[in-house]
Amino acid sequence: MTTPCRTVACLIETYLDDELEPSQLLEVEKHTATCTTCRERIQLDRAIRMGVRRTVATRASASFRARVTHSMTAERWASSERAQVASGVPTWRAVGLAVAATVAAVMGLERQNVPAADGSARPVQANATPVGLDALIDQFVDWHARPLPPEITNANDLPGFEPYVGVPVRPGKLDPFGAKLLGGRILPVKEQNCAAMLQYTLDGSHRVSIYVFDPRVVGTRPSRLHRKDIGSTPVYVGQIKGWSIAAAERKGVGYAIASDLGDDASAELALAAAPGP
Amino acid sequence: MSFLGKKRPSRPDAFEAQTLEHLDALYAVSCRLTKAPLDAEDLVQDTLVKAMRARDQYEPGTNLKAWLFKILHNTFINKYRRGGLERVVLEGPDADPLADGWVSAASMRALRDPETQVLRPLVQEEIHKALDELPEEFRLAVVLSDVEELSYKEIADVMNCPVGTVMSRLHRGRRLLQKRLYDHAVYLGIAPVNDAPSEEAGAVDIAAYRARKRGHG
């Protein structure tokens, strides 16, 4: 007696999933050897699966792949660092080591001329070629537009970022602007170099992201921003994707601001992040 | 490079290299889960950082891709899923019985291009919408099975549920897809109206399907 179509139809899904018991498998194959309709059912099921496969197949973009590789590299270092902490090797406070290529904000550095307390700031590799501030600014804008939660929320923990950024990362004196520090993250910029991001709110309503980076890695002259001298200090300002951006270099440290403020306010914040002598 | 006198691991190892081989798959599944490319990127990135941290828990020789999907799914549930869980849809009684793989020959021919035997292009477009409209857990099960070709057991592990639940989600997800495609084909006038899968006289409900499964198992 042959198996009825309805019974076989119930098994087709599992058959195509390659999960049938051997006895059921035989049943299906025996039936479909002679039943055109059930063979067509199988073909339709296969066609839909192929359709799903074609619909879902997506390739990660090259830039995303690069970002992921960066964050995995950063995590590798962080793991290594945690292992050293666990094994009792003295080191700086292991804060914010979980570096995803995500938002980071670094805000004002009132003490940016103070060398890293433990002298652990990582030197830039001699052969590092700048990744380009223009490209980095696009990243800054994206990270500002879609911020992730901070890795640290205490300003005292900021120096823990310094070994990754390579320059001092300290809280700025932004009280006059009504700025409140929400927290900070680090994010990969190029190879072993990271930027720090400090997230602030201004008057409780404006989000401001301040990035601190090593200008030797990325350069300081963004081509899409225009120069605006505040006193004798050049600041580069402009609008990108609707956000106000300002970048400046002070005492060998690069700063960038992303906010919804105007050019003038951003430029002032950039200088407040990097106070003059 | 020296770092506090300690050598820093500067090169990706085999685990990282193998993990990155699955980036496209993780991203594709993440896109279907989050339905937004930028959220999908964040989800994958979080997943891979977590995988790096949990790498000691990975058992060599087991399916690395399935292990990564498990982390992705957990991360999605914890951080990205907005709104409440879809428990009513997922675990509640079946709202309406679906045709149990029972489609007439005429319907099947209507959905496929007679020349190439692949789905008609217009139906193909509809798959995208239909997938996105599936309840999340159905969608994930279908994608993990049909696209990533994970076994029932591996999917059960990824979704942290019994194998029977995976089978039910797959079955219901696929039937919903099929019904949606069929309705679309009727709408386009390439399939007859009176032959919709959900209206089959002999439609079998999921409970009966499960009972049969148990009987066979």
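Lys251(A) is found in the loop between β6 and β7 of chain A, and in this predicted model the residue has a positive phi of about 50 degrees although it is not a glycine. A second case occurs in chain B, where Lys35(B), again not a glycine, has a positive phi of about 65 degrees. Lys35(B) lies in the loop between α2 (23-34) and α3 (37-53) of chain B, and because its relative accessibility is 46%, a value between the limits of 20% for buried and 50% for exposed, Lys35(B) counts as partly exposed.

The strands of chain A that flank the loop of Lys251(A), β6 and β7, belong to an open sheet of 7 strands, arranged in the order β1-β2-β3-β7-β6-β5-β4 with antiparallel pairing. The edges of this sheet are formed by β1 (179-190) and β4 (226-230) of chain A, each of which pairs on one side only. From one strand to the next, the twist averages 25 degrees.

Starting from the edge strand β1(A), the pairing can be followed across part of the sheet. Strand β1(A) is joined by 10 bridges to β2 (residues 193-202) of chain A, the two running antiparallel, and within this pair Gly184(A) stands opposite Leu198(A) of β2(A). Two helices of chain A pack on the sheet. Helix α5 (residues 133-145) of chain A touches β1, β2, β3 (206-213), β5 (233-240), β6 (243-250) and β7 (253-259) of chain A, and its direction makes about 145 degrees with that of β3(A). Helix α8 (residues 263-273) of chain A also packs on the sheet, where it touches β2, β3, β4, β5, β6 and β7 of chain A, its direction making about 135 degrees with that of β5(A).

Strand β3(A), which is among the strands touched by α5 of chain A and by α8 of chain A, is mostly covered, with 6 of its 8 residues buried. Its antiparallel pairing with β2(A) extends over 7 bridges, in which Val208(A) of β3(A) is the bridge partner of Tyr200(A). The hairpin formed by β2(A) and β3(A) has 3 residues between the strands, and in this hairpin Asp203(A) takes a positive phi near 55 degrees. Strand β3(A) is also joined to β7(A), by 6 bridges and in the antiparallel sense, and here Tyr255(A) of β7(A) is the bridge partner of Val212(A).

In chain B, helix α8 (residues 136-147) and helix α10 (residues 163-188) pack at an angle of about 95 degrees, with their axes 8 Å apart. Because angles of 65 to 115 degrees count as roughly perpendicular, α8(B) is described as roughly perpendicular to α10(B). On the side of α8(B), the contact comprises Glu137(B), Phe138(B), Ala141(B), Val142(B), Ser145(B) and Asp146(B), which meet Arg169(B), Leu170(B), Arg172(B), Gly173(B), Arg174(B), Leu176(B) and Leu177(B) in α10(B). By class, the residues of this contact between α8(B) and α10(B) are 6 nonpolar, 2 polar and 5 charged.

With respect to cysteine chemistry, the structure holds 0 disulfides over all chains. Cys10(A) has a relative accessible area of 8% and is therefore buried, since this value is under 20%. Cys161(B), at 14% relative accessibility, likewise counts as buried.

Definitions and conventions:
Residues are numbered from 1 along each chain as its sequence is written. Chains are lettered from A and ligands numbered from 1 in the order in which they are written. This is a predicted model: local features need pLDDT of at least 70, side-chain atom pairs count only at pLDDT 80 or more; totals for chains, interfaces and linings use all residues. Side-chain values use heavy atoms; hydrogens and water are left out. Axes are lines fitted to C-alpha atoms, for helices over the stretch in contact, and angles run from 0 to 180 degrees between N-to-C directions. Helices (H or I, at least four residues) and strands (E, at least two) are DSSP runs, numbered from the N terminus. Angles under 35 degrees count as roughly parallel, over 145 as roughly antiparallel, 65 to 115 as roughly perpendicular and the rest as oblique. Contact means heavy atoms within 4.5 Å. Ala, Val, Leu, Ile, Met, Phe, Trp, Tyr, Cys and Pro count as nonpolar, Asp, Glu, Lys and Arg as charged, and the others, Gly among them, as polar. Two strands pair if DSSP finds at least two bridges between them. A disulfide is a pair of cysteine sulfur atoms within 2.5 Å. Buried means under 20% relative accessible area, exposed over 50%, partly exposed in between (1.4 Å probe, protein chains only).
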